[in-house]
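Please examine the sequence and the three-dimensional model shown below before reading on.

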2 protein chains.
Amino acid sequence: MTLSARSLRSDAARNRELLLAAAEEEFAKRGMDASIAAIARRAGVAKGTVFRHFATKEELVAVVVGGHFVSLGAVAGELLESVDPTGALLEFLAVAAEQLQHQDLVFLQAVTEGDSTVTECRNQLHARTNALVDRAQEAGGIRSDVTGSDILLILCALVHTVGLRTEQTPDSWRRHLIILFDGLRPQGASPLPGPVPERL
Amino acid sequence: MTLSARSLRSDAARNRELLLAAAEEEFAKRGMDASIAAIARRAGVAKGTVFRHFATKEELVAVVVGGHFVSLGAVAGELLESVDPTGALLEFLAVAAEQLQHQDLVFLQAVTEGDSTVTECRNQLHARTNALVDRAQEAGGIRSDVTGSDILLILCALVHTVGLRTEQTPDSWRRHLIILFDGLRPQGASPLPGPVPERL
DNA sequence: CCACAAGATGACCGACTGGTCAACTTGATA
DNA sequence: TATCAAGTTGACCAGTCGGTCATCTTGTGG
C-alpha cells in the first residue's frame, strides 16, 4: 500500500486525486492494459510521479478497484434498507453493472490478494451481497438455492455484457439482466448442479 | 486471407497445422494477448514462419476464430436435428460455452469484419442460432420475446464466466447457465426492455 | 541426382511497456 | 524570507511486442 495517509503536501494530495481520476477513466476506456504513461499524461503529470504515489501498476489498480468495492458496498448498504428486498437485489445488479462499465471484477480478486485494506472492503461487499440475497430469499422473491457467490459471478457476467455495448443497442444488457433475474425467481426453478459455493 | 489453399509444400502444410494448433492452445491459455513468439515456440518453428503463413497477428486470430465459428455452427447444425428443441438450445449454450473456454466471441465480431469467408461462417452460425431459438419457441420451451441476438449475448456472458473458473469451483458456471436458462422459460417471464434486436 | 523455387530461420527494427533515478522545483515551517 | 525535506521531472533502462528480411535449408519436378 501507499505510505499511510499522513501529511501529504498540498500539491501531492492534488496530484494523487488527479491520478486516481485519470486512472479510473483510462482503465474504463482501455481496460486493465491502459498504460502508466497514458494515465500520467491524462493527469497532467510526469510518469515518475505515478510511481511516487503507487509503487507499482498493480498497486494503482488495487487502489482504484478498492474504490469500486467501497462504492458498490455503499450501494448494497443503502439497498439493505429497502422495503422491497427482491427489488433491492435487482436494483443492486443493475446499478453495479452499469457502474462498473466493463471493468472486470475478477482481476480484482487476484490483484487484491494480500492487501489488507482492500480485502476488507471486498469482504464487506461480499457480506452485504450475502445479506441482500438472504433478505430476498426470506421474502420469497428469489430461489433458495442461489448464494452470494452465484450473484457475484452473475454480476461479473453482466458487467461483461455491459462492456459489449454497441451504439445501435446500448441497452441490450438490460434484456440480459431481466432474463437472469427471471431465472432467479423461485417459481419453476431447476435444481442447480454442483456443490453449493461456500459463503464468501 | 492467406494465399489460396493451393499447392502447399508438405513441410509447409504440416507447419501450418502445427501453428494453428499452437495458436489455439496459446490463445486459450493466455487470451488474445498470447505472443506470436510463444505460439511459434509451441509449434516448434521460428517466428518468421508464423508471418509466412499469416501476414499479421490479426489474420491468425481471424483464422483461429473462424474455426470456432465453423465448429459452433456444426454443433448448432446437429442440434437442429434434435427431437427436443428446448433441450437442444440448452445443450447448445453448454457446449458452446465449454468449447470456447475463455475465448471472447466479440473481438471476433470486430476482427472478422471484412473477411468474406469468416463472415460467411459467422452468418451461418447466426442463422442456425436463430433457428434453434425459433424451434424452441415453437415448442413452447422458451419465452417468445427473446431472439438469437439475446442468446449470443448471453453466450458471450456465459463464456466469460467459464473463463473465471477456479480450481475450487470449476463448474460454478453451470449454475449460472441453469439460472439463465430458467430465465428463458416462458412461465412468469417479465417483459424485456428496449427494442427487439434485429435478426442477425 | 540436380536445380531451383518454396519455405524456414533468427538477428534485427522501431514502438511501446513498467519501472528507476539524479537533478531540479516547490510548499511548508521556523 | 531562508531552508530543506517532500515532491516532480523526463531521460533512461531492460524487456517485450509485432513485424521484416537477407540468408540459409529443403522438398520436389524433371
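This report describes the nonpolar core and the surfaces near the two DNA strands.

## Basis of the report

This is a predicted model, in which local features need pLDDT of at least 70 and side-chain atom pairs count only at pLDDT 80 or more, while totals for chains, interfaces and linings use all residues. Residues are numbered from 1 along each chain as its sequence is written, chains are lettered from A and ligands numbered from 1 in the order in which they are written, and side-chain values use heavy atoms, with hydrogens and water left out.

## The nonpolar core

A nonpolar core is a set of buried Ala, Val, Leu, Ile, Met, Phe, Trp, Tyr and Cys residues joined through side-chain atoms within 4.5 Å. Buried means under 20% relative accessible area, exposed over 50%, and partly exposed in between (1.4 Å probe, protein chains only). In soluble globular proteins, nonpolar side chains tend to be buried together.

The largest nonpolar core has 106 residues, of which A:Leu60, A:Leu184, B:Leu60 and B:Leu184 touch the most other members. Leaving aside residues up to four places away in sequence, B:Leu60 touches B:Leu20, B:Ala23, B:Phe27, B:Ile36, B:Ile39, B:Val50 and B:Phe54 (contact means heavy atoms within 4.5 Å).

## The surface near DNA strand D

A residue is near a strand if one of its heavy atoms lies within 4 Å of it. DNA strand D is surrounded by 22 residues, and the closest are A:Arg9, A:Asn15, A:Arg52, B:Lys47 and B:Lys57. Of the strand D atoms within 4 Å of the protein, 65% belong to sugar or phosphate and the rest to bases.

Polar contacts are pairs of N or O atoms within 3.5 Å; within protein, one must be able to donate a hydrogen and the other to accept it, and residues adjacent in sequence count only if both atoms are side-chain atoms. A polar side-chain atom of A:Arg9 lies 2.5 Å from a base nitrogen of DNA strand D, whereas one of A:His53 lies 3.2 Å from a phosphate oxygen of that strand.

## The surface near DNA strand C

Around DNA strand C there are 22 residues, with A:Lys47, A:Lys57, B:Arg9, B:Asn15 and B:Ala46 coming nearest. Sugar and phosphate make up 67% of the strand C atoms that come within 4 Å of the protein.

A base oxygen of DNA strand C lies 2.2 Å from a polar side-chain atom of A:Lys47. For A:Ser10, a polar side-chain atom lies 3.0 Å from a phosphate oxygen of DNA strand C.
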